[in-house]
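Let's walk through how the pieces of this model pack against one another. Have the structure open and follow along.

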Protein chains: 2
Amino acid sequence: MSDAFQDAYPDELSVCYGCGRLNEKGLHIKSYWDGERTVCRFRPDPAHTAIAGFVYGGVIASAIDCHGTGSAAAAAKRARAGQSGVEQNPRFVTASLHVDYLKPTPIDVEMVLLGTIVEVKGRKVVVDIEVTCSGVVCVKGRVVAVELPKDWKP
Amino acid sequence: MSDAFQDAYPDELSVCYGCGRLNEKGLHIKSYWDGERTVCRFRPDPAHTAIAGFVYGGVIASAIDCHGTGSAAAAAKRARAGQSGVEQNPRFVTASLHVDYLKPTPIDVEMVLLGTIVEVKGRKVVVDIEVTCSGVVCVKGRVVAVELPKDWKP
């Protein structure tokens, strides 16, 4: 399998609790292309419960968040391929996150997040995400992501 | 200090990763009245980082989520006081969550979440939440919460 989008992040931007490969305690969200869409498969920890048997909404929001920013980076990279004067390995952060919880999400099966790139415009990318479990759509989300300036410092 | 809203949840509904007092690995979000508003003070774990020095958006969304549902339960309880034929200790779950990340949220200080009850209508409560750090509003969120039926079973 090819590298995850998040594996292309530089070390100093790889400490995210959601998706950083260098965050030992983190969730290690990983995203990939699946044709024109993006996919993330995620199995929550048994502690990530809301009510017994179901996934906590904050963990679902976290998976949507990092799958969204990863998908945004991949979409921008693809759109910029071959262009000069633009960052070829951009890192996006979340400007806004919206999540609609349609059904309780079972904790004992894999969550599959499918991302659709809605808009790529300059430093902004919008990604819609459906979360399915065993083929049933349980949650829908939207991430508005903006590119982190290359020289950004705290 | 009086009990947190979440301390009134029955045991079987107290396993939430975000706010359940019986979830040993969880975040233990706690919410209280502060006049007409609700307040939650939360100190993230050092691992809850996004980029070094700043809080991960998924953890902020989690705090907003559980402070929102806790505030919804408290607001409904207050609105129903003295009424007969209605549940006096309701438990709410999240129907939708919206988060606007306005500024990077520093990880080395306490986050203060202030909730405003926007609407209490039957089984639905809407709560707006501002997240401040050292007096600066870093994040704004909205939770639409719906009451879990008393006889709800998976």
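In this predicted model, start with α1 (residues 57–80) of chain A and its namesake α1 (residues 57–80) of chain B: their axes come within 8 Å and cross at roughly 150°. Anything over 145 degrees counts as roughly antiparallel, so that is how α1(A) and α1(B) run relative to each other. The crossing of these two helices is right-handed. Who makes the contact? On the α1(A) side you'll find Gly57(A), Gly58(A), Ala61(A), Ser62(A) and Asp65(A), and α1(B) brings Gly57(B), Gly58(B), Ala61(B), Ser62(B) and Asp65(B). Sort those residues by type and you get six polar, two nonpolar and two charged.

Now look at the strands. Twelve of them form an open sheet with antiparallel pairing, and its order is β1(A)-β2(A)-β4(A)-β5(A)-β6(A)-β3(A)-β3(B)-β6(B)-β5(B)-β4(B)-β2(B)-β1(B). The edges belong to β1 (32–34) of chain A and β1 (32–34) of chain B; each has a single partner strand, so one side of each has no neighbour in the sheet. On average, neighbouring strands are turned by 30° against each other, ignoring direction.

For one pairing in detail, pick β5 (residues 124–133) and β6 (residues 136–147) of chain B, which pair antiparallel over ten bridges. Val131(B), for instance, has Val139(B) in β6(B) as its bridge partner.

Finally, put helices and sheet together. α1(A) lies across strands that include β3 (92–101) of chain B, and runs at about 135° to β3(A). α1(B) lies across strands including β3 of chain A, and runs at about 135° to β3(B).

Methods
Residues are numbered from 1 along each chain as its sequence is written. Chains are lettered from A and ligands numbered from 1 in the order in which they are written. This is a predicted model: local features need pLDDT of at least 70, side-chain atom pairs count only at pLDDT 80 or more; totals for chains, interfaces and linings use all residues. Axes are lines fitted to C-alpha atoms, for helices over the stretch in contact, and angles run from 0 to 180 degrees between N-to-C directions. Helices (H or I, at least four residues) and strands (E, at least two) are DSSP runs, numbered from the N terminus. Angles under 35 degrees count as roughly parallel, over 145 as roughly antiparallel, 65 to 115 as roughly perpendicular and the rest as oblique. A crossing is left-handed if the near helix is turned anticlockwise from the far one by less than a right angle, and right-handed if clockwise. Two residues are in contact if their C-beta atoms, placed from the backbone, lie within 7 Å. Ala, Val, Leu, Ile, Met, Phe, Trp, Tyr, Cys and Pro count as nonpolar, Asp, Glu, Lys and Arg as charged, and the others, Gly among them, as polar. Two strands pair if DSSP finds at least two bridges between them.
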